[in-house]
Amino acid sequence: MAEEAVLGYLEENEEISDSGKFSEEKGISHDEIVNVIKSLNGFRLVDAQDIKRERWGLTKEGEMYAEAGSPEAQLFLAIPPEGITREELQKKLDPSIFKIGCQQAIKNKWIEMGKSQVSRKVQHVDDRVRDLLVQIQNGEAVNAEDVDALKKRKLITPLIWKGYSVKKGPKYAPKRKKVATDLTRENLLRGDWRELEFKEYNFLAKGQPTEGGCLHPLLKVRRQMQMIFLQMGFEEMPTNNFIESSFWNFDALFQPQQHPARDSHDTFFLKEPSTTKMLPEDYVERVKGVHESGGYGSRGYGYEWKREEANKNLLRTHTTAVSTRMLYALAQDFAPKKYYSIDRVFRNEAVDRTHLAEFHQIEGLICDRGLTLGHLIGVLEDFFSRLGMSKLKFKPAYNPYTEPSMEIFSYHEGLRKWVEIGNSGMFRPEMLLPMGLPEDVQVIAWGLSLERPTMILYGIDNIRDLFGHKVDLGLIKRNPLCRLGL
Ligand code: PHE
């Protein structure tokens, strides 16, 4: 109805000069007229200009007096012709009406305030304040002096009125055509598609976000790491055993049984089953021998090696336990190999910003004749430059199972400092020869955590934000595809 009124009026007339007056004339609420004007303006059927007008409106207090009369009139009417005591009068009125009423009625000389008695001074009063408030409420004009007085009493307040003046727009039509949003089967059957006007496509509208599974950053980085190993010709080792015996995790790696890492403070031992039953006995004998008295050019550690220690089950502390099993298997029928693995390991550590009791290890090894430290450095440079870390430094280090050993540092452009990224070395003859590998075979190997590069690449500084029950699912939904090499 409002739309027809606006468009219909413009058909005959040049302009609607004031939407407020127009709404009064047509008996349609101004809000409704305004909504229609806005919509028609949007579709350019009309051209609307803002109009702002200041007018007076009643405050809450003003509204109360417009309804019930001014306080002075209420007070006057509460005084009977014969007069009344102050206390009696006070009881009849609201405290604020009594107070304001007294002030104004005395000012108007309507009443006489005696010591205890209150009496009328005039027979009859006109409630002008109320009349003025009603006039303002009805939008009628009131003279400036009265406005001032009401303003001082805070009974009226300026209101901004907003409306429009409206002319025909470039797409004016006496009736708005409904635009079609879809071409339907019915349109085709009826043939009315010929007359239909179709809504234009909005190519800038944003689509619904798609629902779908999201990969955790660790999985994305793991995938990239895997791709690098595969590109370099490495084969994956089977790492599907979190539980390992101390033998494969430590003893076979020439790690002495008193070594602090084998303490329950650093390693989680299993209660049930607490020991392993399957170890290759002849190999165990050779490992015992090399620990106790050496061989293969080594003096050994010179302590009494205990089988019970080697039998203890634990959660593997490094994937080097898997590498050891693989090398032992390879020794039975040797061929040069490049192996890698990426999987979980466990350490009984105090949990903090950068440490968890479980994390993932990336491990690579090459087993061939005639390998040297130079090969190891070259392979590491190749591997890490594929991760986007081409500035490397090596620092001599110690592992019970490698000699020489090197910590690997990389210059981090973002952090502007050298950060430790991994550990590496050449496996000792004390580890390789008891397995039965040929004497001229060397193994170069390295390991690093998956979490550390992931945290650096994704700018996460607390490992608990990356892994565990506190991880924000939003992080997983919103993180970039993969950031290796950035
Ligand atoms: N196992 C070592 C670690 O847990 C990493 C490593 C692997 C070191 C291979 C040297 C050779 O830190």
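Where does Pro273 sit? Pro273 is placed in the loop between α12 (246–249) and α13 (281–292), and there's a legend for it further down. Bear in mind for every view below that this is a predicted model.

**View 1. The ligand and the shell around it.** Here's the cast: His318, Thr320, Arg347, Gln361, Glu363, Asn399, Tyr401, Asn423, Ser424, Ala445, Trp446 and Gly447 are the residues around the ligand. Sorted by class, the shell has three nonpolar, seven polar and two charged residues. If you'd rather think in strands, β11 (358–369), β14 (417–427) and β15 (441–449) each put at least two residues into this shell. The largest share, three residues, is from β15.

**View 2. Polar contacts to the ligand.** Zoom in on three side chains. Gln361 has a side-chain N or O atom 2.8 Å from an oxygen atom of the ligand. For Arg347, a polar side-chain atom is found 2.9 Å from a ligand oxygen atom. Tyr401 pairs up with a nitrogen atom instead: an N or O atom in the Tyr401 side chain is 2.9 Å from a nitrogen atom of the ligand. As for cover, the ligand taken alone would expose 330 Å², and the protein buries 91% of that.

**View 3. The largest pocket, where the ligand sits.** Pull back a bit and you'll see that the ligand sits in the largest pocket. This pocket has a volume of about 1400 Å³. It is lined by 44 residues, and those closest to the pocket centre are Arg347, Phe359, Gln361, Glu420 and Ser449. Two of these names should ring a bell: Arg347 and Gln361 are also among the residues around the ligand.

**View 4. What the lining of the largest pocket is made of.** Which elements each supply at least two residues of this lining? They are β11, β13 (402–412), β14, β15 and α18 (451–458). Strand β14 gives the largest share of the lining, with eight residues. By class, you get 17 nonpolar, 18 polar and nine charged residues.

**View 5. The second largest pocket.** Now for the runner-up, which holds about 560 Å³ of space. There are 15 residues in its lining, and Phe43, Leu45, Lys177, Val179 and Glu197 lie nearest the centre. How does this lining divide by class? It comes out as five nonpolar, one polar and nine charged residues.

**View 6. Arg44 and its positive phi.** Check the backbone at Arg44, where phi is near 60°, a positive value in a residue other than glycine. Arg44 belongs to the loop between α3 (30–42) and β2 (46–58).

**View 7. The cis peptide bond at Pro273.** Back to the residue from the opening question. Glu272 and Pro273 are joined by a cis peptide bond, with omega at about -5°. The setting is a loop, with α12 and α13 on either side of it.

**View 8. The cis peptide bond at Pro404.** Going from Glu403 to Pro404, the peptide bond is cis, and omega is near -5°. Pro404 is part of strand β13, and β13 is one of the elements that supply at least two residues of the lining of the largest pocket.

Note on methods
Residues numbered from 1 in each chain as written. Predicted model: local features only at pLDDT ≥ 70, side-chain atom pairs only at ≥ 80, totals over all residues. Heavy atoms only, no water. Near = heavy atom within 4 Å. Polar contact = N/O pair within 3.5 Å; in protein donor to acceptor, adjacent residues only side chain to side chain. Areas by Shrake-Rupley, 256 points an atom, 1.4 Å probe, with all protein chains shown as cover. 1 Å grid on protein atoms, 1.4 Å probe; cavity = no way out; pocket = protein on both sides within 12 Å on 5 of 7 lines; lining within 4 Å. Sits in = over half its atoms within 2 Å of the grid points. Helix = DSSP H or I, 4+ residues; strand = E, 2+ residues; numbered from the N terminus. Nonpolar A, V, L, I, M, F, W, Y, C, P; charged D, E, K, R; others polar. Points joined across faces, edges and corners; volume = space filled by probe spheres on them.
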